[in-house]
Amino acid sequence: MEAQSGASHITANNGNKAIRVENLRKDYRSGGNTTQVLKEVSFSVDQGEFFSLMGPSGSGKSTLLYLLGGLTHSDSGRIWLDGVELTGRGDADITRMRYDKIGFVFQRFNLLPTLTSVENVEIATRLTIFRNGSQRKGLPSPTELLELVGLGDKLHRRPAEMSIGEQQRVAIARALVRRPAILLADEPTGSLDRQNTEKVLEILCKLNSEHGQTIIMVTHDPEVAGQGDRTLYMVDGCINGEGRHK
Ligand SMILES: Nc1ncnc2c1ncn2[C@@H]1O[C@H](COP(=O)(O)OP(=O)(O)O)[C@@H](O)[C@H]1O
Ligand SMILES: [Mg+2]
């Protein structure tokens, strides 16, 4: 797809949408076979909305999240983040948009095993400094972020010295270093027991209600999804329905 010039990336009718997706398609090709993973997906998410995405395994939820975060390209369709179009841009531009707007939390936390909590968060802040030293002004420190997720007393623990739930909270702190407007969470409670699930949900709800962060959370668990404002259901690469909780 060709890059588009500045003004056409801004659409007047985006209102206060954090995310708008229009006719998004994604195919995977291997050995002459094409799998349609997303088929004409369209939806939008308001700024400050806590949005859940549910659907059977293989229905395309993770693929959709990767597309929203600019980690992979669509075959057709358009995505806007805060009214600015992501699709049709070059890789450097997409990386900048991701840095400016998006935080990722995955089911597997991907913490570096030899680093402590505070070092695992710190390393993400260094990536930001690498781009532009002045950018960190006014952003929360690794210690502040770990306090926010209730780990102020475990700053110097390594992942192996913490519970699975605590490791996920370090990963959430890491996702927040640039104070992203949009947090994309792919089954963030998928590896957690009930008690830790509740703790992580409490943190996500707090980020949403007190810090105004827009959250898109993939989950298999209807109870977890019910913590959000709205749930979108995906089946076989299509949006198959929607439910509102609040
Ligand atoms: N890199 C890839 N190459 C080929 N097929 C893939 C790739 N990633 C995912 N798929 C396929 O795309 C479909 C959707 O996958 P995914 O988005 O991970 O679903 P979900 O997160 O809902 O379980 C599945 O059929 C999966 O096998
Ligand atoms: Mg998935």
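Which residues are buried in H1? The legends below address this and further features of the predicted model.

**Figure 1. Burial of helix H1 in the predicted model.** In H1, the buried residues are Lys61, Thr63, Leu64, Leu65, Leu67 and Leu68. Because six of the eight residues of H1 are buried, the helix is largely enclosed by the rest of the structure. Helix H1 spans residues 61-68 and, with three residues, gives the most to the shell around ligand 1. Just after H1, Gly70 adopts a positive phi of about 70°.

**Figure 2. The shell around ligand 1.** Ligand 1 is surrounded by Tyr28, Val37, Pro56, Ser57, Gly58, Ser59, Gly60, Lys61, Ser62 and Thr63. By residue class, this shell comprises three nonpolar residues, six polar residues and one charged residue. The largest contribution comes from helix H1, which supplies three residues.

**Figure 3. Polar atoms of the protein beside oxygen atoms of ligand 1.** A backbone N or O atom of Gly58 is placed 2.7 Å from an oxygen atom of ligand 1. For Gly60, a backbone N or O atom lies 3.0 Å from an oxygen atom of the ligand. Ser62 takes part through its side chain, an N or O atom of which is 2.9 Å from an oxygen atom of ligand 1. Ligand 1 taken alone exposes 560 Å², and the protein buries 57% of that area.

**Figure 4. The hairpin of strands E1 and E2.** Strand E1 (residues 17-30) and strand E2 (residues 33-46) run antiparallel and are joined by 10 bridges. Lys17 stands opposite Asp46 of E2, and Tyr28 has Thr35 as its bridge partner in E2. Tyr28 also belongs to the residues around ligand 1. Two residues separate the strands of the hairpin, and Gly31 in the turn has a positive phi of about 50°.

**Figure 5. Arg20 and its side-chain contact with Glu22.** Arg20 is located in strand E1. The relative accessibility of Arg20 is 16%, and the residue therefore counts as buried, the cut-off for this class being under 20%. A polar contact of 2.3 Å links the side chain of Arg20 to that of Glu22.

**Figure 6. The open sheet of four strands.** The strands follow the order E2-E1-E4-E5, and their pairing is antiparallel. E2 and strand E5 (84-85) stand at the edges with a single partner strand each, so one side of each has no neighbour in the sheet. Within this sheet, the pairing of E1 with E2 comprises 10 bridges.

**Figure 7. Strand E6 and its parallel partner E7.** Strand E6 (residues 102-105) is covered on both faces. Ile102 and Phe104 are buried on one side, and Gly103 and Val105 are buried on the other. E6 pairs with strand E7 (residues 182-186) in the parallel sense, over four bridges. Ile182 in E7 is the bridge partner of Ile102.

**Figure 8. Two non-glycine residues with positive phi, Asp82 and Asn110.** Most residues other than glycine have a negative phi. Asp82, although not a glycine, has a positive phi of about 50°. This residue, Asp82, occupies the loop between strand E4 (76-81) and E5. With a relative accessibility of 27%, Asp82 counts as partly exposed. Asn110 is likewise not a glycine, and its phi is positive at about 55°. The loop that holds Asn110 lies between E6 and helix H3 (117-131). Asn110 is exposed, its relative accessible area being 51%.

**Figure 9. The protein chain as the setting of the close-up views.** The secondary structure of the chain consists of seven helices and 10 strands. Of its 246 residues, 50% count as buried. Among contacts between residues at least 6 apart in sequence, 70% join residues at least 24 apart. The accessible surface of the protein chain amounts to about 11,600 Å², and carbon and sulfur atoms account for 48% of it.

Technical notes. Residues numbered from 1 in each chain as written. Chains lettered and ligands numbered in written order. Predicted model: local features only at pLDDT ≥ 70, side-chain atom pairs only at ≥ 80, totals over all residues. Heavy atoms only, no water. Near = heavy atom within 4 Å. Polar contact = N/O pair within 3.5 Å; in protein donor to acceptor, adjacent residues only side chain to side chain. Areas by Shrake-Rupley, 256 points an atom, 1.4 Å probe, with all protein chains shown as cover. Nonpolar A, V, L, I, M, F, W, Y, C, P; charged D, E, K, R; others polar. Buried < 20%, exposed > 50% of the residue type's maximum accessible area, 1.4 Å probe, protein only. Pairing = 2+ DSSP bridges. Contact = heavy atoms within 4.5 Å.
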